[in-house]
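Good morning, everyone, and thank you for making the time. I would like to walk you through one structure today, so please have a look at it on the screen before I go on.

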Amino acid sequence: MKFRLLFLLSSLLGTCLLANLNLAQVNQAKAATVLIETKRGEGYGSGFCISTDGLVVTNYHVIEDIPAKQIRAILHPGEPNQQTFRAEVLRQNKDMDLALLRLVVVTEPLTFLELGETTKLFETAQLTAFGYPFGKSLAVSKDAYPGVSVNVGKVTSLRRLRDGTLCEIQMDVLVNPGNSGGPVLGPDGKVVGVTVRGIPGSGVNFAIPVDQLNAFLMTPELLVD
């Protein structure tokens, strides 16, 4: 009996450990997560690269009504290899609260994140969110940018429409203003959602399912040159 209990405990512990992202996955996500700065430092949000040539996903409300010349994307902020790009809006959808940006000008391949799926998500499944809470406020000095924040939590509810379509991932991952548009990764290190909103002080936060992001990216409309 004692051996059986130890075996079960070991199996459960192993499952928990396997749910954690490994160092390589964390570093990849950190490198792919973008700090988005608008209106010359008056507004901030997060985003993430989905291609080596600089396509970036974020929320519509992060860049809403912002002229293209006033959107900047910072990669590796606060690090020696920090890079700053101007970002153009290629596509946006207010109802889906999603936007697709293109960094100008990318001269070398960028780190990006693969899009996953939500079919294997369930309540209590582990999630990891990357982003820049409170924008520039967490920087260690006045003229610097903050490093990316990484927070772990779990799925607390899968909000569905009456037809069964997953419309929101509810999670207890700690996110704050500035995290909007950042990636939410599943246990396999792939994107399962995009941070979108939360209820302050409640521990109740939401992500747009990657299914909706795929639909947004696959719409037949032409990208704007």
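**Salt bridges and the barrel**

Let me begin with a single residue, Glu114, which counts as partly exposed because its relative accessibility is 46%. Please keep in mind throughout that what you see is a predicted model. The side chain of Glu114 meets that of Lys190 in a salt bridge, with 3.9 Å from N to O. This pair links distant parts of the chain, since Glu114 sits in the loop between E6 and E7, while Lys190 sits in the loop between strand E10 and strand E11, 76 residues apart. Lys190 is partly exposed too, with a relative accessible area of 31%.

How many salt bridges does a search of the whole structure find? The search finds six, and I will take you through two others. In one of them, the side chains of Arg72 and Glu37 meet at 2.6 Å, N to O. Arg72 belongs to strand E4 and Glu37 to strand E1, so this pair ties together parts that are 35 residues apart in sequence. Is Glu37 buried or exposed? At 5% relative accessibility Glu37 counts as buried, whereas Arg72, at 36%, counts as partly exposed.

The other is formed by Glu88 and Arg102, whose closest N and O atoms are 3.1 Å apart. Glu88 lies in strand E5 and Arg102 in strand E6, so parts that are 14 residues apart in sequence are tied together here. Both are partly exposed, Glu88 with a relative accessible area of 21% and Arg102 with 28%. Salt bridges that share partners join Arg86, Glu88 and Arg102 into one network.

Now to the strands themselves. The chain has four helices and twelve strands, and six of the strands form a closed barrel, which runs E1-E2-E3-E6-E5-E4 with antiparallel pairing. Neighbouring strands of this sheet are turned by 40 degrees against each other on average, if direction is ignored. Within the barrel, four bridges join strand E3 to strand E6, and Val57 has Leu100 in E6 as its bridge partner.

Two helices lie across these strands. Helix H2, residues 23-32, lies across E1, E2 and E4, running at about 20 degrees to E1, while helix H4, residues 210-217, lies across E2, E3, E5 and E6, running at about 60 degrees to E6.

Finally, for the chain as a whole, buried residues make up 45% of the 225 residues.

Technical notes:
Residues numbered from 1 in each chain as written. Predicted model: local features only at pLDDT ≥ 70, side-chain atom pairs only at ≥ 80, totals over all residues. Heavy atoms only, no water. Buried < 20%, exposed > 50% of the residue type's maximum accessible area, 1.4 Å probe, protein only. Pairing = 2+ DSSP bridges. Axes fitted to C-alpha atoms, helices over the stretch in contact; angles between N-to-C directions. Contact = heavy atoms within 4.5 Å. Salt bridge = Lys/Arg side-chain N within 4 Å of Asp/Glu carboxyl O.
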